[in-house]
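Here's a quick walk through one protein model, written for someone who would rather be at the bench. Have a look at the picture first, then read on.

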Amino acid sequence: MSDERSSRRSAAGGRSAVIAAIVVFGLFVMPMLYVLSIGPVVYFYQDSEPPMWLQNFYAPILWVHGLGGFVGQALERYAEMWRS
């Protein structure tokens with residue numbers, strides 16, 4: 001009986017770890033990748049205007065950039081690294 005309980009606990013603990021990893025990925029990694037993905041866009045569209053759907057996709061980042069401050073300056077420096 002105790003073996004059955006311990007195996008249920010370990011299975012539940014394994015599921016909790018998977019759920020925690022998914023939450024961390026969703027809350028931290030995905031937004032970070034979203035912001036960092038603007039770099040290649042800056043590189044590929046430095047001589048032309050990106051399509052409207054792409055401008056709409058990155059509108060929140062452009063809005064934050066337009067606010068200025070520390071984050072806006074950091075975004076500007078990051079984009080500048082991608083310009084050749």
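What follows goes from the overall fold to one helix pair, a charged cluster and a surface patch.

## The overall picture

First things first: this is a predicted model. The protein chain has 5 helices and 0 strands, so if you use the DSSP-run definition of those elements, there is no strand to look for. Going along the sequence, you read the pattern as α-α-α-α-α.

How much of the protein chain is buried? Of its 84 residues, 13% fall in that class. The protein chain exposes about 6600 Å², and 69% of that comes from carbon and sulfur atoms. As for contacts between residues with a separation of 6 or more, 50% involve residues 24 or more positions apart.

## Where α4 meets α5

Now zoom in on helix α4, which covers residues 59–67, and helix α5, which covers residues 69–82. Their axes come within 7 Å and cross at roughly 115°. The crossing of α4 past α5 is left-handed. On the α4 side, the contact is made by I61, V64, H65 and L67. On the α5 side, the residues involved are G69, V71, G72, L75 and E76.

## A small charged network

E76 is worth a second look, since its side chain also meets that of R83 in a salt bridge, at 3.5 Å from N to O. R83 has another partner in E80, where the closest N and O atoms are 2.7 Å apart. Both distances count as salt bridges because the cut-off is 4 Å between a Lys or Arg side-chain nitrogen and an Asp or Glu carboxyl oxygen. By that rule the count is 2 salt bridges.

Are these residues buried or exposed? They sit in between: E76 is partly exposed at 31% relative accessible area, R83 is partly exposed at 35%, and E80 is partly exposed at 43%. Shared partners in the salt bridges join E76, E80 and R83 into one network. In general, side chains of opposite charge can pair when their charged atoms come close.

## A greasy stretch on the surface

Which residues form the nonpolar patch on the surface? They are I19, V23, V24, L27 and F28, with about 500 Å² of accessible area together.

Take L27 as one of them. L27 is found in helix α1, which runs over residues 2–36. Its relative accessible area is 57%, so L27 counts as exposed, the bar for that being over 50%. Patch members need over 30%, and L27 clears that bar too, at 57%.

Key:
Residues numbered from 1 in each chain as written. Predicted model: local features only at pLDDT ≥ 70, side-chain atom pairs only at ≥ 80, totals over all residues. Heavy atoms only, no water. Patch = residues over 30% accessible without salt bridge, like charges linked within 9 Å, V, L, I, M, F, W, Y side chains within 5 Å. Areas by Shrake-Rupley, 256 points an atom, 1.4 Å probe, with all protein chains shown as cover. Helix = DSSP H or I, 4+ residues; strand = E, 2+ residues; numbered from the N terminus. Buried < 20%, exposed > 50% of the residue type's maximum accessible area, 1.4 Å probe, protein only. Axes fitted to C-alpha atoms, helices over the stretch in contact; angles between N-to-C directions. Left-handed = near helix turned anticlockwise from the far one by under 90°. Contact = heavy atoms within 4.5 Å.
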